[in-house]
Amino acid sequence: MTKEHKVQLTSVSLHMIAMVIMMIDHLKKIFPDAVFLSSIGRIAFPIFAFLIVEGYFHTRDLKKYATRLLLFALISEIPFDLMVSGTAFYLSHQNVLWTFLIGLGLIFINEQVKKHGKLLLRVFTTVGTVILGYYIGM
């Protein structure tokens, strides 16, 4: 008899998979002709975005979660700017952690309105946060 093994994807394993895929994406900077590296790497963003949403709904302390995300966004910004532009301060392009922090805030707004708002207010809030997120993230 064979024993059946179940494979479980935990948040830790998803983080590891996304980090490896992201590293593959970043290898494009070293090997600019290897277009397939970016194609593979594009899978990392939706995985990390999914984990941000899961983190929102499973955290015990949203303020601490957002603070950690902000801290890592700040810490990683200078190395990111150096990689992208060769300068320590580059306003035209920021690291993805800022996008995730914006998303976390917009999820919070939508969830607060969902708890207390009528359907029409929820629809306007959803549309409004999508538009707001677009313009903040530009």
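Is Glu77 buried or exposed? Glu77 is buried, because its relative accessible area is 11%, which falls under the 20% cut-off. Please keep in mind that this is a predicted model. Here are my notes, point by point.

1. **Overall make-up.** The protein is built from six helices and has zero strands. Reading from the N terminus, the order of elements is α-α-α-α-α-α. Helix α2 covers residues 35-41, helix α4 covers residues 62-85 and helix α6 covers residues 119-136.

2. **Dimensions.** The radius of gyration of the protein is 18 Å, whereas a compact globule of 138 residues would have one near 14 Å. Measuring along the principal axes, the C-alpha trace spans about 60 × 50 × 25 Å.

3. **Burial and surface.** Of the 138 residues in the protein, 24% are buried. The exposed area comes to about 10,500 Å², and 71% of it is supplied by carbon and sulfur atoms.

4. **Contacts along the chain.** Take the contacts in the protein with a separation of 6 or more: 47% of them join residues 24 or more positions apart.

5. **Charges.** There are 13 positive side chains and 8 negative ones in the protein. The centres of these two sets lie 10 Å apart.

6. **Glu77 and its surroundings.** Back to the residue I opened with: Glu77 sits in helix α4. Its side chain makes a polar contact with the side chain of Trp98, at 2.8 Å. Trp98 also appears among the residues that Glu77 touches, together with Tyr90, His93, Gln94 and Asn95; residues up to four places away in sequence are not counted here. So this is a buried acidic residue, at 11% relative accessible area, with a polar partner for its side chain.

7. **Leu62, also in helix α4.** Helix α4 holds Leu62 as well. Which class of exposure does Leu62 fall into? Leu62 counts as partly exposed, because its relative accessibility is 24%, and that class runs between 20% and 50%. Setting aside neighbours within four places in sequence, Leu62 is in contact with Tyr56, Leu104 and Phe108. If you are tracing the chain, Leu62 and Leu91 are 29 residues apart in sequence, and their C-alpha atoms are 28 Å apart in space.

8. **Ser38 in helix α2.** Ser38 lies in helix α2 and counts as buried, because its relative accessibility is 14%. Apart from neighbours within four places in sequence, Ser38 is in contact with Asp25 and Lys28.

9. **Thr129 in helix α6.** Thr129 belongs to helix α6. It is buried, because its relative accessibility is 7%. What does the side chain of Thr129 reach? The side chain of Thr129 reaches the backbone oxygen of Thr126, at 3.0 Å. Beyond residues up to four places away in sequence, Thr129 touches Leu106, Ile109 and Asn110. Thr129 and Lys115 are 14 residues apart in sequence, with their C-alpha atoms 16 Å apart in space.

10. **What to look at in the viewer.** For a quick tour, you could begin with the Glu77 and Trp98 side chains, which make their polar contact at 2.8 Å. Then turn to Thr129 and the backbone oxygen of Thr126, at 3.0 Å. Ser38 with Asp25 and Lys28 makes a further stop, and Leu62 with Tyr56, Leu104 and Phe108 can round off the visit.

Note on methods
Residues are numbered from 1 along each chain as its sequence is written. This is a predicted model: local features need pLDDT of at least 70, side-chain atom pairs count only at pLDDT 80 or more; totals for chains, interfaces and linings use all residues. Side-chain values use heavy atoms; hydrogens and water are left out. Helices (H or I, at least four residues) and strands (E, at least two) are DSSP runs, numbered from the N terminus. Buried means under 20% relative accessible area, exposed over 50%, partly exposed in between (1.4 Å probe, protein chains only). A polar contact is a pair of N or O atoms within 3.5 Å; within protein, one must be able to donate a hydrogen and the other to accept it, and residues adjacent in sequence count only if both atoms are side-chain atoms. Contact means heavy atoms within 4.5 Å. The radius of gyration is taken over C-alpha atoms; the globule rule is 2.2 Å times the number of residues to the power 0.38. Accessible areas come from the Shrake-Rupley method with a 1.4 Å probe; for residues, only the protein chains shown count as cover. Lys and Arg count as positive and Asp and Glu as negative; His and the chain ends are not counted. The place of a charge is taken as NZ of Lys, CZ of Arg, CG of Asp or CD of Glu.
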